[in-house]
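I opened this notebook to record what I looked up in the structure, one topic per entry. The entries cover ion pairs, strands and enclosed space.

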Amino acid sequence: MIHLALAGISMGAMAVQWWLGDKTEEQRRELLKLEREREDILAADAQRRRTLLGPWMAQVRLLIAAEIEMREQIEPELRAALKQASALAAHHLRPVGENALRRTIMELEHAVGIVEAERAHLEWFRYSLPTGVEDLFSLERLQMPTDYPARGALLQLEAGTKVHRGYVLRGNHCGELVAVHDVDHHSRTASVCPLRGELLRLARNGTTAFEVTVEGRMRDGLRVSITPSLDTGVEGGPPTRIEFRLPLERSDPRGNTSPGAPLSVFSRPWVWAEIDRAVCARPGTELLDVGFSPTVRREAKEWSPIPLACRTEQLLELQEAWDRIEKSGALSRPWRVSMQDQGVFVFQVGEVALRMRCKEGADCFQLLAVDDAGPRPPTSVRIHAEVGVFVPGSGAEQELTPGLFQEFMDMLAEELANQRINLMDRHTALHLRKMQVLFEDLRDMAERDARVEVFATGRRRAGKAARCIVLQRPLPAWLLEADAEPLRVEGVDAVGQKMPLRALKVFDDALGLVEISFHDANADAHALRYLAVVGASYTQEIMARSAGSALEKRFVSPTVRADLFHLEEGPANTTRSHANTPSTIIDTALADEGVFAVWGPPGTGKTTLVVALLRRFLTDWESSGKPLPARVLVVAPTHVAVNEVMQRLLKEAPGLAERIVRYVAQASRIEGTSLVNCSQDRLIESWRASALAPASGVHPGWRALIEGDDGTLARGVREALSRWILAGREVHAVTSMGMSRADFALLDKEFDLVVFDEAGKAFAPEILLPAMRAHRLVLVGDHKQLPPTVTEEMLGDDGTNRLDPQEVEALLRDSYFHHLFQSLPDSHKAMLAVQHRMHPKIGAAVSELFYEGRLKSSRQDTDWALTRQRLTIVDCSDVPEYRHRFVQGKSLENEFERRVAVELVAALATDGACLVICPYQAQRVAVEHEIRRRCLEHRVQTTTVDAVQGGEADIVLLLMTRSGGNTNFLLDENRMNVALSRARECAIVIGHVRALTVREANPISRLLIHGKGACSLLHLRVPAEGSIQEDIVRQVVCG
């Protein structure tokens, strides 16, 4: 019962009594009484026997009925406890003591099988009670035989046995130990299996080692096997070789054991469902875990004295510590053992902590220090053990028996590792739960902001346009613009049912009068309660669902889930040794299943790497001779990123056009690209046209279905066609949010490889959505560039949020890709550390400012005749005209800066592509208008920082616009990195340097310092009354 108590699983008093094998005193007295009466009956003469037999048999029947009734009451309690324990084990916030909980489940499963069998045995016995004195039986026969066919029972059968204890046996066996895995007590049939018998025997002997053979390496350990001496008895029966997974830390040298080598291992408490999956699944897919040591039982276990070596001068300190322990009454308590950095173990009990380390070359610990006990560590093991202290060389160590020391160390290391994994699991689960709550709150907020209450006026007129009054004033902008095509507003009734609209028109925005008509001619306008924006909360809903699904562990690959969930917190795992060549990165990323992260700073060839990786994977898959085609998913947060990868892939491998499908909800997303013929719409319409052709021979039922009512396909039909027609395509490309659309039919597919580009711009649920369908996940991104978009509305708090505002901001702004890259081990990540885009002087500045000097340049220094320096800052701090003003709400523009930018474009853009980057949308619009007025649009592109990632140009002008005030938005490290790293040949920053350098150590301040030291930057201070042409253009432009 200790496992049940620790796990918080409850059973009734009667079930507990049965569980412990106890009988009540009343039951014992009744059995003794009946047994004495039986002896009296046997000793009496025939007449007396007949007189005594009737009442005695009646008492026996009452006793049997009571026993059956007790088991009928016990069985539901046991099943409820089993269900509770199984749910607890599957919960994402399950207790740390997982092995103890699994052992409890295993024992409960066995108990349920036993109580079912006992009830069946008693019922059969009651049915077959003898009627004559000559058949009088001993009450011992009420006890169920130990080899009775109960579910989970182990039976030793003779060869050829077909009937056992009255039960017809099903299943093949040749006279060996079998497990009863299914039993029907009503029809008295039992299914037996020798393979399950072997696994069940191992599971119930978890303290006894058995020998396995190494089959090969896995991502997280070794694949090992045993070949039991059993025969399935039929050709093509279940395999006699049983494979297991031996989990190992990546740094464990035992992971390098050669295939074929023998190892001694211990079983784990495998539950019945795991054994069933291991037997029934395809060989090698469902592996049971084993370990190098027996699992720690939560009951007190006395190890041999743990040998602890100390110096002579430490003996007095140890004696004082023992006195403190005894004084506090903690001598009988277990040690709490934890592990710190550098292999230091801490044994705590009471107020004392012993710090020790394994002594090199000896089976003992070496005492390091005696300290006061600290707070409870996050992971620890409680051990009842004695500590045997000795001074090396004194001879006292001969009295110790260190035989179990290595077993103790293996057990300790494995249990602490399991607890650490569970703790990381819980941290990740808690983070995901918070993300789920956050996006649920954002969904609810979006729905409230995109919904207005209405009521219909006039009489009920089915099929006619109806007029409604909107109760909110003023009318929201989305409702005033609702008459645009396509209509993005829908009706909602009082119970939340949607009422699709055909048309909507605002008649009087002051009165809130609107006219609507419904798609359904029979719709009742008076049932309408709300008007809402179609899909207003779609993104938030998908994010919340994705976090919830990940929380419920809906991953097709346990390895991917383990890599994403079992992450060490903090930057301790981050080293500076990730840089590698693209070919080596591809080799490592595709070597095994799991997660691999690639950090790609600007210009390092992320897209080139992704395309090469895709081509390599598809080529290797074809050459491997696998029977099924590969299935690959290419995903990114934006359509631009997905299109860039897929167009490059088609350009380098045109033959893949017949194997690719690009999913878009709107054809405009790929208009003018080489992906049009690969789009889902085009492929389905092409098939549809051929199917509707007169000579196609398509069944009339199918024809009616794919013709559609108005020539368009219903979403359900599109989903079915996508699942059927596009199943043979190997490369599927979609955005992270688009993947969730039902008509794309992607959420139920498993992918051999998922490549997520621009992962630094994605929230955690965006990455988890495709990760749950991946056997290999390769993340490519840069957390130093633009993060996921966080709007002020997302950070707003209207009092209904369940999380603290500071926590909301931290969850939204912290980069999940950054967290993964920091936490993954070195073998699971790499950095592209050579950039090929920027001139070495620009590359050196970007490397120093944003990448700690780790980014190198492949380009050589070349002549440059357009500007005096590769880097220029036009400092307008002294120019009175350099003033920003607010327009379009909170956006800014600066007229003087705009004129400077246009003049520089006119002077520079004749000999190269030019890109003007504006942090503020209003300034971008104004600059673009002026450029068109000057007929310079063919020379330059204007954009914002948020839209420019992935772009590049020979010349980049960065307009800072602000002349004072809060510059945090402008000087954001990620945004400045993106802006400066777009330049191939030269970068020019225009701004108010004094306003931009109020805060020390910001990117502009550091750029000035770097440029001065490297002699790579022109800091041009524009005089107060300076001329744009004379004092700026001619000073920046050569000649």
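**Entry 1: Asp748 and its partner.** I looked up the accessibility of Asp748 in this predicted model. Asp748 has a relative accessible area of 46% and is therefore partly exposed, as this value lies between the limits of 20% and 50%. I then searched for a partner of opposite charge. The side chain of Asp748 meets that of Arg723 in a salt bridge, with an N to O distance of 2.0 Å. Arg723 belongs to helix α18 (residues 715-725), whereas Asp748 sits in the loop between β28 (731-735) and β29 (753-756), so the salt bridge ties together parts that are 25 residues apart in sequence. Arg723 is also partly exposed, at 32% relative accessibility.

**Entry 2: Arg802 and Glu440.** I next looked up a salt bridge between distant parts of the chain. Arg802 and Glu440 meet through their side chains at 2.9 Å, N to O. The two residues are 362 residues apart: Arg802 is in the loop between α20 (792-795) and α21 (805-813), and Glu440 is in helix α9 (residues 405-449). I asked how buried or exposed each partner is. Arg802 counts as partly exposed at 48% relative accessibility, while Glu440 is buried with a relative accessible area of 15%.

**Entry 3: Arg885, Glu893 and a network.** I checked a further pair. The closest N and O atoms of the salt bridge between Arg885 and Glu893 are 2.4 Å apart. Arg885 is partly exposed at 47% relative accessibility, and Glu893 is buried at 12%. I also found one network, in which salt bridges with shared partners join Glu75, Arg79, Glu116 and Arg119. For the record, I noted the count of salt bridges in the model, which comes to 53. As a general remark, side chains of opposite charge can pair when their charged atoms come close.

**Entry 4: strand β8 and its neighbours.** I turned to strand β8 (residues 242-247) and asked how many of its residues are buried. Five of the six are buried, and the strand is thus recorded as mostly covered. I then looked up the strands with which β8 pairs. Strand β7 (residues 221-226) and β8 run antiparallel and share six bridges. Strand β10 (residues 288-291) pairs with β8 in the parallel sense, over two bridges. Arg245 figures in both pairings: Arg245 in β8 is the bridge partner of Arg223, and Arg245 also stands opposite Asp289 in β10.

**Entry 5: a seven-strand sheet.** I traced the strand order of an open sheet. Its seven strands follow the order β16-β12-β13-β14-β15-β11-β17, and the pairing is mixed. Which strands stand at the edges? They are β16 (381-383) and β17 (387-390); each has a single partner strand, so one side of each lacks a neighbour in the sheet. From one strand to the next, the twist averages 35 degrees. At the β17 end I looked up the pairing in detail. Strand β11 (residues 306-309) and β17 are parallel and joined by four bridges. Within this pairing, Ile306 stands opposite Val387 in β17.

**Entry 6: the largest cavity.** I then asked how many cavities of 30 Å³ or more the whole structure holds. The search finds four. The largest cavity contains about 60 Å³ of space. Its lining consists of Met106, Glu109, His110, Arg151, Gly152, Leu200, Arg204, Trp270, Val271 and Trp272. Helix α5 (residues 98-127) supplies the largest share of this lining, three residues. By class, I recorded five nonpolar, two polar and three charged residues for the largest cavity.

**Entry 7: the second largest cavity.** I repeated the inquiry for the second largest cavity, whose volume is about 50 Å³. Pro919, Val945, Leu958, Met960, Phe969, Leu970, Arg975, Met976 and Ala979 form its lining. Helix α27 (residues 973-980) gives the most to this lining, with three residues. The class count for the second largest cavity is eight nonpolar, no polar and one charged.

Definitions and conventions:
Residues numbered from 1 in each chain as written. Predicted model: local features only at pLDDT ≥ 70, side-chain atom pairs only at ≥ 80, totals over all residues. Heavy atoms only, no water. 1 Å grid on protein atoms, 1.4 Å probe; cavity = no way out; pocket = protein on both sides within 12 Å on 5 of 7 lines; lining within 4 Å. Points joined across faces, edges and corners; volume = space filled by probe spheres on them. Nonpolar A, V, L, I, M, F, W, Y, C, P; charged D, E, K, R; others polar. Buried < 20%, exposed > 50% of the residue type's maximum accessible area, 1.4 Å probe, protein only. Pairing = 2+ DSSP bridges. Salt bridge = Lys/Arg side-chain N within 4 Å of Asp/Glu carboxyl O. Axes fitted to C-alpha atoms, helices over the stretch in contact; angles between N-to-C directions.
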